[in-house]
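Work through the exercises below with the sequence and the model open. Try each task before reading its solution.

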Amino acid sequence: MAKATTKKSKAAPIEDEGPSGLNPQETAEALRALAADPRMDAPLRKLQALAAAGNAAAGNAATGQTPGGQTPGGQTPGGQPEQPVPNQSEQPVASLPKQAENRFGTIPQSLLIEGGTEAERLHAALYWAALLNCEAPVHSAVNAQPGLKCSPCLKCSACLRMIGLLHRDCFFFDGRTESIKIDSVRELRSVLGEPPREANYRVVIFCEAQSMGDVAANSLLKSLEDPRPGTSFLLLAPQRERLLPTLVSRSWILTLPWPRSDQLLEGPQFSESVEWAQAMLHLARTGQGWMDRTSRKGSLDKKLALHILANCRQALAQALSNPEGATSTPLSLAFSALPPARQRMIDEALAEAQESLEYNVGPALVMDWLATRFYFILGPALRQPARGAA
């Protein structure tokens, strides 16, 4: 059972690894590398602006001012008529769903992080946790002035304990190796009625939230429907389509850059994995050619099978990020033609195949099963034009 993990003692040495094997110092280095990645500049700036604007709104609420420095009556504190707010053409928080707001400002109660790789999603979540709770006055989102860039120092005690999952106010549900169960979510709900024990914000991370069962997801939904002041939920998933629509609708969505092919597919098996993926597409279209490949002894090992899955995931990511169909490979073009429900079925099939390989099920058997699933999920859309032409 995937359980929430957190360290109960504030005195725990921050160089220790957290319950999920995260070393604070090593994780801090990983987060610095994430911040230095040009691909991640825009998403992290959105998080910085979101935190700064949210806490600025909280400060304005405490003094009875609106975001432009105006009092609720439409005048500035000096009694002058309100002036137009300067350039607001680039405010990441403008599209916040109403239910994401709470009395702490526009800090969203639920933040959904999609796209990227599994590691990048987790690191972005930990960056957010540190951003909300950093103790360094120059970097802290809580102390930042509106419009100024803020970032966590990744050196103070709060940062290191948050990113190492050692903080009393950090709860981590790990769905990477097993499903997140209802009992774990119920245990969390008993804590949510209390204010954070020592942090600015309590952070609750559901890593690979798509592994959450429907019962657990509905229990979490009940928590999101009730305002939880000082609590930030983070839902991490490859694509939002893999989560309950009601969870997605209550979340502010941050999309990381989709993984590049050279991140997922490296080495001499790259071109071979492309050929296998195209053979799977050919099977879905014609029902022929696949079994000849997998029946050859030694033609498919676990490493190659993982490359094939990565190739398929990349194609699906391209299809989801460009729904108009102007994508770069025949497989991604085929995926883009599917309705969202069938795209989700493809994603679930890829996840199940990945899990089977991790449990050392025979690669040929797993790929035969996946190719058959493609035939039934993808095939009808591919074969329909031929029937119409006839």
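**Exercise 1. Which residues of helix α14 are buried?**

Solution. The model is predicted, and the answer is read from its computed accessibilities. The buried residues of α14 are Pro363, Val366, Met367, Asp368, Leu370, Ala371, Phe374 and Ile377.

**Exercise 2. Compare the span of α14 with the span expected from its number of residues.**

Solution.
Step 1. Helix α14 has 15 residues, and the expected span is 1.5 Å times one less than the number of residues.
Step 2. This gives 21 Å.
Step 3. The end C-alpha atoms of α14 lie 21 Å apart, so the two values agree.

**Exercise 3. How many aromatic pairs does a search of the whole structure find? Classify the pair of Phe335 and Phe374.**

Solution.
Step 1. The search finds 4 aromatic pairs.
Step 2. For Phe335 and Phe374, the ring centres are 5.8 Å apart and the planes are at 85°.
Step 3. An angle over 60 degrees counts as edge-to-face, so this pair is edge-to-face.
Step 4. Phe335 belongs to helix α12 (residues 330–336) and Phe374 to helix α14 (residues 363–377), so the pair ties together parts 39 residues apart in sequence.
Step 5. Phe335 and Phe374 are both buried.

**Exercise 4. Classify the pair of Tyr375 and Phe376, then the accessibility of each residue.**

Solution.
Step 1. The centres of the Tyr375 and Phe376 rings are 5.3 Å apart, with 90° between the planes, and the pair is edge-to-face.
Step 2. Tyr375 has a relative accessibility of 27%, so Tyr375 is partly exposed.
Step 3. Phe376 has a relative accessible area of 53%, so Phe376 is exposed.

**Exercise 5. Why does Cys153 have no bond to the closest cysteine sulfur?**

Solution.
Step 1. A disulfide is a covalent bond between the sulfur atoms of two cysteines.
Step 2. The closest cysteine sulfur to that of Cys153 is in Cys134, at 3.5 Å.
Step 3. The cut-off is 2.5 Å, so the distance between Cys153 and Cys134 is too far for a bond.
Step 4. The search of the whole structure finds 0 disulfides.
Step 5. Cys153 is buried, at 14% relative accessibility, and Cys170 is buried at 0%.

**Exercise 6. Where is Ser219 placed, and which residues does it touch beyond four places away in sequence?**

Solution.
Step 1. Ser219 is in helix α6 (residues 214–225).
Step 2. Its relative accessibility is 6%, so Ser219 counts as buried.
Step 3. Leaving out residues up to four places away in sequence, Ser219 touches Ile182, Val185, Arg186 and Arg189.

How values were computed
Residues numbered from 1 in each chain as written. Predicted model: local features only at pLDDT ≥ 70, side-chain atom pairs only at ≥ 80, totals over all residues. Heavy atoms only, no water. Phe/Tyr/Trp six-rings, centres within 6.5 Å; stacked < 30°, edge-to-face > 60°. Helix = DSSP H or I, 4+ residues; strand = E, 2+ residues; numbered from the N terminus. Buried < 20%, exposed > 50% of the residue type's maximum accessible area, 1.4 Å probe, protein only. Contact = heavy atoms within 4.5 Å.
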